[in-house]
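Here is a short report on one protein chain. Look over the sequence and the structure first, then read on.

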Amino acid sequence: MKANRALTTRRDAFNIKEANSFRPKASSEIRNYRFKEATPQYLRKLKAQLSTEKKRELIKQIIVLIISISLGIIIFL
């Protein structure tokens with residue numbers, strides 16, 4: 001127990017207060033991000049692409065569901 005107490009009294013190994021303290025960032029540390037604006041044409045193209053992918057996934061899920069139901073019926077009969 002004395003060894004454990006000795007470890008907790010050392011402040012350089014477990015300096016929790018300093019690590020959790022708030023310090024304001026310097027102006028050199030602040031990053032200003034500049035994002036590209038999406039054109040309306042690109043947004044339309046992206047929406048169309050997403051809708052086709054969504055339809056394909058829905059069809060795949062329906063096919064898998066039908067196959068699994070039919071296999072379940074065949075196995076249990």
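## The aromatic pair

Tyr33 and Phe35 are both exposed. This is a predicted model. Searching the whole structure turns up one aromatic pair. Tyr33 and Phe35 form that pair: their ring centres are 6.2 Å apart and their planes meet at 20 degrees, so the rings are stacked. The cut-off behind that label is an angle under 30 degrees.

## Fold and confidence

The chain has three helices and zero strands. Read from the N terminus, the order of elements is α-α-α.

Mean pLDDT for the chain is 83, and 75% of the residues reach at least 70. Where is confidence lowest, and where is it highest? Helix 2, residues 16-20, is at the bottom with a mean of 58. Helix 3 is at the top with 96. Where pLDDT is low, the predicted coordinates should not be read in detail.

## Surface

How much of the chain is buried? Of its 77 residues, 0% count as buried. The chain's accessible surface is about 8600 Å². Carbon and sulfur atoms account for 62% of that area.

A nonpolar patch of about 800 Å² lies on the surface. Its members are Ile59, Ile63, Ile67, Leu71, Ile74, Ile75 and Phe76. Take Ile63 as one of them. Ile63 sits in helix 3. Its relative accessibility is 47%, so Ile63 is classed as partly exposed. Patch residues need over 30% relative accessible area, and Ile63 has 47%.

## The salt bridge

How many salt bridges are there? The count is one. Side chains of opposite charge can pair when their charged atoms come close. The partners here are Lys60 and Glu57, with their closest N and O atoms 3.9 Å apart. The cut-off is within 4 Å, and the pair at 3.9 Å satisfies that rule.

Both partners belong to helix 3, which spans residues 40-76. Lys60 and Glu57 are three residues apart, about one turn of the helix. Are the two partners buried or exposed? Lys60 has a relative accessible area of 51%, so this residue is exposed. Exposed means over 50%. Glu57 has 42%, so this residue is only partly exposed.

## A serine contact in helix 3

Ser51 is also part of helix 3. Which backbone atom does its side chain reach? The Ser51 side chain comes to 2.8 Å from the backbone oxygen of Ala48. Ser51 has a relative accessible area of 32%, so this serine is partly exposed.

## Helix 3 in review

Several features meet in helix 3. Confidence is highest there, at a mean of 96. The salt bridge between Lys60 and Glu57 lies in this helix. Ser51 and Ile63 are located there too.

Note on methods: Residues are numbered from 1 along each chain as its sequence is written. This is a predicted model: local features need pLDDT of at least 70, side-chain atom pairs count only at pLDDT 80 or more; totals for chains, interfaces and linings use all residues. Side-chain values use heavy atoms; hydrogens and water are left out. A salt bridge is a side-chain nitrogen of Lys or Arg within 4 Å of a carboxyl oxygen of Asp or Glu. Helices (H or I, at least four residues) and strands (E, at least two) are DSSP runs, numbered from the N terminus. Buried means under 20% relative accessible area, exposed over 50%, partly exposed in between (1.4 Å probe, protein chains only). Accessible areas come from the Shrake-Rupley method with a 1.4 Å probe; for residues, only the protein chains shown count as cover. pLDDT is the predictor's confidence in each residue, from 0 to 100. Rings of Phe, Tyr and Trp (its six-membered ring) pair if their centres lie within 6.5 Å; planes under 30 degrees apart count as stacked, over 60 as edge-to-face and the rest as tilted. Patches are made of residues with over 30% relative accessible area and no salt bridge: like charges are joined within 9 Å, nonpolar side chains (Val, Leu, Ile, Met, Phe, Trp, Tyr) within 5 Å. A polar contact is a pair of N or O atoms within 3.5 Å; within protein, one must be able to donate a hydrogen and the other to accept it, and residues adjacent in sequence count only if both atoms are side-chain atoms.
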